[in-house]
Amino acid sequence: MSGFLEELLGEKLVTGGGEEVDVHSLGARGISLLGLYFGCSLSAPCAQLSGSLAAFYGRLRGDAAAGPGAGAGPGPGAGAAAEPEPRRRLEIVFVSSDQDQRQWQDFVRDMPWLALPYKEKHRKLKLWNKYRISNIPSLIFLDATTGKVVCRNGLLVIRDDPEGLEFPWGPKPFREVIAGPLLRNNGQSLESSSLEGSHVGVYFSAHWCPPCRSLTRVLVESYRKIKEAGQKFEIIFVSADRSEDSFKQYFSEMPWLAVPYTDEARRSRLNRLYGIQGIPTLIVLDPQGEVITRQGRVEVLNDEDCREFPWHPKPVLELSDSNAVQLNEGPCLVLFVDSEDDGESEAAKQLIQPIAEKIIAKYKAKEEEAPLLFFVAGEVFYAPGSKPSITGTLPFAPHLSDWEWRHSVSQMRKERLGESQTALRSAPRSGRPAGLCILADSPAGLHLPHVSRS
């Protein structure tokens, strides 16, 4: 276990009081669950969370008081400690985005858990990107032995299970989480067992959210087309509305099913199961309840005729206005083709597809998401020695303003692509480039170097 933890966190952590703690000691203490708390001293929501999290942490570990340094280490003279109770096998590590060391010190001083040292900026950045943290505060729980993500939305754990009775909050099968009555907008009630044998879209949305309302209008048509094609498909609306009246008004526009608004516990469990951090989100499941794609929103907008349903992920995507939002979700590689010839774009896609497939397969075998997204895009022009300008046909241009640009493929040949990947860090807080753009005048004659990742 200590090997995984040291690879993830480094050799040393620090307590709120500034004392160093060896990471390998976490294994000796029998830690089974690791919480990564992503935050910043300048964030009021983070300050609020720290207070409630300290109380939660103290209750779970059985500490008499969750004060500074409580439970952060074995303590002098602890010797061979007795086997910890299951609920005590938790440790939390604070992963900060602070840019000022004094502010960081003031913030961590009262934390009863551990923190990555301030100087470990590169490691912090790797963690932010590895787990695709897009907002703060965020709290995720990992299995301390395998490194697998147990729960992506720890904030809901604190709210829903303040006593830690459901520890360690591992993912449950969709069939178990969704169990119970579901509603149609005419008041009819159906049991969740009616979903058996169907693909299912789990739709997290709310009436107060303008992008949600826009997507719902498109999704209604997609739902109709899929049903008319004879496909077994159902959508479950999981509301984030602020009142039952708003829920009813919004649900009246939907031809599918919904979790009752009054069943807040089940709605929260579904949010926890899929680690929902923003809406609208459409998760598409296969008939066994396994996730096909978390990008249902993008797929619906890109495939108006639903010809590619149930939207199994593609290794390489064509960059468009509807999927450009994915550029903000983590490191990306975009191969631009300076040509209006569709054949050139296809050649570019075929060029990087084997690389993408290799990386995706490697991480799928470890039950992890691939650390890099791959895109092909066309129609760019640029003056020598300057950043390319993107034509009006690419309305997603603002997403690329902070990216690192490579103006020629020959420059890419001088580096291993695997090494370039390590520099792809989508972290506006640090000012680093969000991705790598490669421009190719003739992708048919382009050969990218061997991919090597440790």
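Helices (H or I, at least four residues) and strands (E, at least two) are DSSP runs, numbered from the N terminus. The model is predicted.

## Cis prolines

Two peptide bonds stand out here. The bond from Ile279 to Pro280 is cis, with omega near 0 degrees. Pro280 sits in the loop between H10 and strand S13 (281-285).

The bond from Ile136 to Pro137 is cis too, with omega near -5 degrees. Pro137 belongs to the loop between helix H5 (121-130) and S6.

## The second largest pocket

This pocket holds about 560 Å³ of space. Its lining comprises 26 residues. Nearest the centre are Asn153, Leu156, Asn271, Ile276 and Gln277. By class, the lining residues split into 11 nonpolar, nine polar and six charged.

Four elements each give at least two residues to the lining. Two are strands: S6 (138-143) and S11 (233-239). Two are helices: H6 (154-160) and H10 (264-274). S6 and H10 also flank the loops of the cis prolines: Pro137 lies between H5 and S6, and Pro280 between H10 and S13.

## Aromatic pairs

The count comes to 21 aromatic pairs. One of them joins Phe247 and Phe251, which are stacked, 5.5 Å centre to centre with 20 degrees between the planes. The pair counts as stacked because its 20 degrees falls under the 30 degree cut-off. Both residues lie in helix H9 (residues 244-251), four residues apart, about one turn of the helix.

Phe247 is buried, because its relative accessibility is 4%, and buried means under 20%. Phe251 is also buried, with a relative accessible area of 4%. Ring pairs tie both residues into a cluster with Tyr203, Tyr223, Phe233, Phe237, Tyr250, Trp256, Tyr261, Phe309 and Trp311.

## Charges over rings

Tyr261, a member of that cluster, has the charged end of Arg267 over its ring, 4.4 Å from the centre. Elsewhere, Arg242 lies over the face of Trp208, at 4.1 Å from the ring centre.

## Tryptophans with positive phi

Trp311 is not a glycine, yet its phi is positive, about 65 degrees. Trp311 lies in the loop between helix H11 (296-302) and strand S15 (316-318). Trp311 is buried, with a relative accessible area of 1%. Trp311 also belongs to the ring cluster.

Trp169 likewise has a positive phi, about 60 degrees, although it is not a glycine. Its place is the loop between H6 and helix H7 (174-178). Trp169 is buried, at 4% relative accessible area.

Terms used:
Residues are numbered from 1 along each chain as its sequence is written. This is a predicted model: local features need pLDDT of at least 70, side-chain atom pairs count only at pLDDT 80 or more; totals for chains, interfaces and linings use all residues. Side-chain values use heavy atoms; hydrogens and water are left out. On a 1 Å grid over the protein atoms alone, a cavity is a set of points where a 1.4 Å probe fits but cannot get out, and a pocket is an open set with protein on both sides within 12 Å along at least five of seven lines; lining residues have an atom within 4 Å of a point. Grid points are joined across faces, edges and corners, and a volume is the space filled by probe spheres set on the points. Ala, Val, Leu, Ile, Met, Phe, Trp, Tyr, Cys and Pro count as nonpolar, Asp, Glu, Lys and Arg as charged, and the others, Gly among them, as polar. Rings of Phe, Tyr and Trp (its six-membered ring) pair if their centres lie within 6.5 Å; planes under 30 degrees apart count as stacked, over 60 as edge-to-face and the rest as tilted. Buried means under 20% relative accessible area, exposed over 50%, partly exposed in between (1.4 Å probe, protein chains only). A charge sits over a ring if NZ of Lys or CZ of Arg is within 6 Å of the ring centre and within 35 degrees of the ring normal.
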